[in-house]
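Reader: Hey, can you walk me through the ligand site in this one?
Author: Sure, let's have a look together.

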Amino acid sequence: MRVDVISIFPEYFAPLDVSLIGKARERGILDIHLHQLRDWAHDVHRTVDDTPYGGGPGMVMKPEPWGEAIDTVLAADPAAQPRIIVPTPSGVPFTQKLAMEYAAEPWLLFTPARYEGIDSRVMAEYGSRMRVDEVSVGDYVLAGGEVAVLVMVEAVGRLLPGVLGNANSAVDDSFAPGAMENLLEGPVYTKPPEWRGHEVPEILLSGHHGKIARWRRDEALRRTARNRLELLAALDPETLDKHDRKL
Ligand SMILES: N#Cc1c(-c2ccc3ccn(Cc4ccc(CN5CCCCC5)cc4)c3c2)n[nH]c1N
C-alpha cells in the first residue's frame, strides 16, 4: 500500500518511522510519502492561509497550494487514483469497519489541514473524479488533522497482511467481524501468578480452553455493559446464547 500525506507539519509523522508501522515500511508493506504543503506556496512567505469569505473566526487554507500539491501526488501514478481522506471534525466517524475498507485500498492520500480547514473548492475539484472522504476520529476538537492521520495510518496499517504476526491477529480485535464483534476486550494477565496479593483468575491457569473462552466472553460482555452499553444494545440477539442472556 502506498500512502501519501500532505501537511505543513510533516515532522508530526516521525512516529511512522518506529514500531509496527516503521517495520512495515522497512519490509515494503507500506510505502509512505510525506509532502510539505508550503513547497507549493510560491510567495516569499510561503503563505497557505487567508481570511474566510463571509467573515468568521480563524483562517482558511488557500486552494492553490493544495491543488498543486495534490496534482503533484496524483502524477506519481497517472494510471491510478488514490482514495483521498480529509480529516475534519465534521466528518463521518472513523471506525474499524472503515479502517478495514481502507486497508483494501492500494493507495491512500491524506490531507490533514490546520486553521479552520481547507477551502471547500479543493475537495469539490477532486471529488468529481475520485473518492474523497471527510472523516473524524472522534467527538472532540483537535488543533489540526495530523494526529488524526497518525491514528488512521496505524489502524489501517496493522490490518495489512504480514504487519501483525499470526499470534497478534487483528481478527480478534474488538469491532472486528466475528464472535467478539462489537464487544470490548476483557481483562488480560501474565506472569507472575500472584502480584502484590492480586491473583490471576484460577480459570486462566486451568488449561481448559472451552471454559477459558467462556470466561473471556463473559468478561467481555460485562466490560461492554459497563463501559459501552450502546454496543451491547446493538448486538445481534442471534449471537447471544443462553449463558450470555443470564449475565
Ligand atoms: N479528524 C479529525 C478531527 C479534528 C480536526 C481535523 C482536521 C483539522 C484541521 C483544522 N482543525 C482545527 C479545527 C478545529 C475546530 C473547527 C471548527 N470551527 C471552530 C471555530 C468555530 C467554527 C468551527 C475547525 C478546525 C482540525 C481538526 N478535530 N477533531 C477531530 N476528530
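Author: Keep in mind that this is a predicted model. To start, a nitrogen atom of the ligand sits 3.5 Å from a backbone N or O atom of Val137.

Reader: OK, and how much of the ligand's accessible area does the protein cover?
Author: The protein covers 75% of the 640 Å² that the ligand has on its own.

Reader: What about Ser136, how far is its side chain from a nitrogen atom of the ligand?
Author: An N or O atom in the Ser136 side chain is 3.1 Å from a ligand nitrogen. There's also Thr88, where a polar backbone atom is 3.5 Å from a nitrogen atom of the ligand.

Reader: How many residues surround the ligand, and which are the closest?
Author: There are 19 around the ligand, and the closest are Glu116, Ser136, Gly138, Tyr140 and Leu142.

Reader: How do the shell residues divide into nonpolar, polar and charged?
Author: Twelve are nonpolar, five are polar and two are charged.

Reader: Which pocket is the ligand's space, by the way?
Author: The ligand takes up the largest pocket.

Reader: Switching to strands: which one gives the largest share of the shell?
Author: That's β5, with three residues. Both β5 (83–93) and β7 (132–136) supply at least two shell residues each.

Reader: How many bridges join β5 to β7?
Author: Six, and the two strands run parallel. Within that pairing, Ile84 has Val132 of β7 as its bridge partner.

Reader: And what does Ile84 stand opposite in β6?
Author: Leu109. β5 and β6 (residues 107–110) also run parallel, joined by three bridges.

Methods: Residues numbered from 1 in each chain as written. Predicted model: local features only at pLDDT ≥ 70, side-chain atom pairs only at ≥ 80, totals over all residues. Heavy atoms only, no water. Near = heavy atom within 4 Å. Polar contact = N/O pair within 3.5 Å; in protein donor to acceptor, adjacent residues only side chain to side chain. Areas by Shrake-Rupley, 256 points an atom, 1.4 Å probe, with all protein chains shown as cover. 1 Å grid on protein atoms, 1.4 Å probe; cavity = no way out; pocket = protein on both sides within 12 Å on 5 of 7 lines; lining within 4 Å. Sits in = over half its atoms within 2 Å of the grid points. Helix = DSSP H or I, 4+ residues; strand = E, 2+ residues; numbered from the N terminus. Nonpolar A, V, L, I, M, F, W, Y, C, P; charged D, E, K, R; others polar. Pairing = 2+ DSSP bridges.
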